[in-house]
Amino acid sequence: MPAPLTGSCLCGAIRYTIGVPVTELRACHCTHCQKASGAGGSVNAALPSSAFTITQGSPKRYDTKADSGRTLYRYFCGGCGSPIYSQRATTPETVVVRAGTLDNAGEMKIAVNIWTKSARPWDYIDPASKQFPAQPDAPAPTK
Ligand SMILES: [Zn+2]
Ligand SMILES: [Zn+2]
């Protein structure tokens, strides 16, 4: 069993561990992720909620209706503002963790890009990745 992955917000008030290996990431170019990140979107590891543990602090929650029309909970640090993870109201068994908050990048790569129709023209998208103009119908990969 490899050592768990760890991560935190910028100020360090929130810390978490991930108990499953993460190799493939999914980049989201939706307009909400752009506003929430101040950048081209978000890069995420989708994993089972059971593998994700907040070990310090308690994130604040912002509820919003996502571009997909679903209610999305966005969890962030109330002290420094770092987005930590999000979760759909309808799929509490999955969490979508912001990969930039991980302490180490390991062997991760962006395998999938979603919401490419709203991607900023200056945001690079690897042509070798899987791409979806909006939300793919399939649930988030949870391997
Ligand atoms: Zn913080
Ligand atoms: Zn998004």
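# Exercises on strands, a pocket and a zinc site

Val97 is found in strand E9, where strands (E, at least two residues) are DSSP runs numbered from the N terminus. The structure is a predicted model, in which local features need pLDDT of at least 70 and side-chain atom pairs count only at pLDDT 80 or more, while totals for chains, interfaces and linings use all residues. Residues are numbered from 1 along each chain as its sequence is written, chains are lettered from A and ligands numbered from 1 in the order in which they are written, and side-chain values use heavy atoms, with hydrogens and water left out.

## Exercise 1: Val97 and its surroundings

Task: Decide whether Val97 is buried or exposed, and find the residue that stands opposite Val97.

Solution. Begin with the cut-offs: buried means under 20% relative accessible area, exposed means over 50%, and partly exposed lies in between, with a 1.4 Å probe and protein chains only. Val97 has 1% relative accessibility, and therefore counts as buried. Next, look across to strand E8, where Tyr85 stands opposite Val97 in E9. E8 and E9 pair in the antiparallel sense over two bridges, which satisfies the rule that two strands pair if DSSP finds at least two bridges between them. The link between E8 and E9 is a hairpin of five residues. Finally, compare sequence with space: Val97 and Pro4 are 93 residues apart along the chain, and their C-alpha atoms are separated by 14 Å.

## Exercise 2: Strand E8 and the sheet around it

Task: Explain why E8 is described as largely enclosed, and state the order of the strands in the open sheet of eight.

Solution. Five of the six residues of E8 are buried, so this strand is largely enclosed by the rest of the structure. On its other pairing, E8 is joined to E7 by five bridges, and these two strands run antiparallel; Phe76, for instance, has Pro83 in E8 as its bridge partner. E7 and E8 form a hairpin with six residues between them, and Gly81 in the turn has a positive phi of about 90°. The order of the open sheet is E6-E7-E8-E9-E4-E3-E10-E11, with mixed pairing. Its edge strands, each pairing on one side only, are E6 (60–65) and E11 (130–131). At the E11 edge, strand E10 (residues 109–114) pairs with E11 in the parallel sense over two bridges, and Asn113 stands opposite Gln131 in E11.

## Exercise 3: Two residues of one loop

Task: Classify Arg120 and Ala128 by their accessibility.

Solution. Arg120 lies in the loop between E10 and E11, and Ala128 is found in the loop between E10 and E11 as well. Arg120 has a relative accessible area of 35%, and is therefore partly exposed. Ala128 reaches 70% relative accessibility, so Ala128 counts as exposed. For distances, Arg120 and Tyr85 are 35 residues apart in sequence and 22 Å apart in space, C-alpha to C-alpha, whereas Ala128 and Ala111 are 17 residues apart along the chain, with their C-alpha atoms separated by 8.1 Å.

## Exercise 4: The sheet of three strands

Task: Give the order of the three strands in the other open sheet, and find the bridge partner of Thr6.

Solution. The three strands follow the order E1-E2-E5, with antiparallel pairing. The edge strands are E1 (5–8) and E5 (52–56), each of which pairs on one side only. Four bridges join E1 to E2 (residues 15–18), and the partner of Thr6 in E2 is Thr17. In the hairpin of E1 and E2, which has six residues between the strands, Gly12 takes a positive phi near 90°.

## Exercise 5: The zinc site

Task: Identify which residues coordinate the zinc ion (ligand 2), and describe the spacing of its donors along the chain.

Solution. Donors are N, O and S atoms within 2.8 Å of the metal (3.2 Å for Na, K and Ca), and since water is not among the atoms, sites may look incomplete. The zinc ion (ligand 2) is coordinated by the SG atoms of Cys28, Cys30 and Cys33, at 2.1 to 2.2 Å. Along the chain these donors follow the spacing C-x1-C-x2-C. As for accessibility, both Cys28 and Cys30 are buried.
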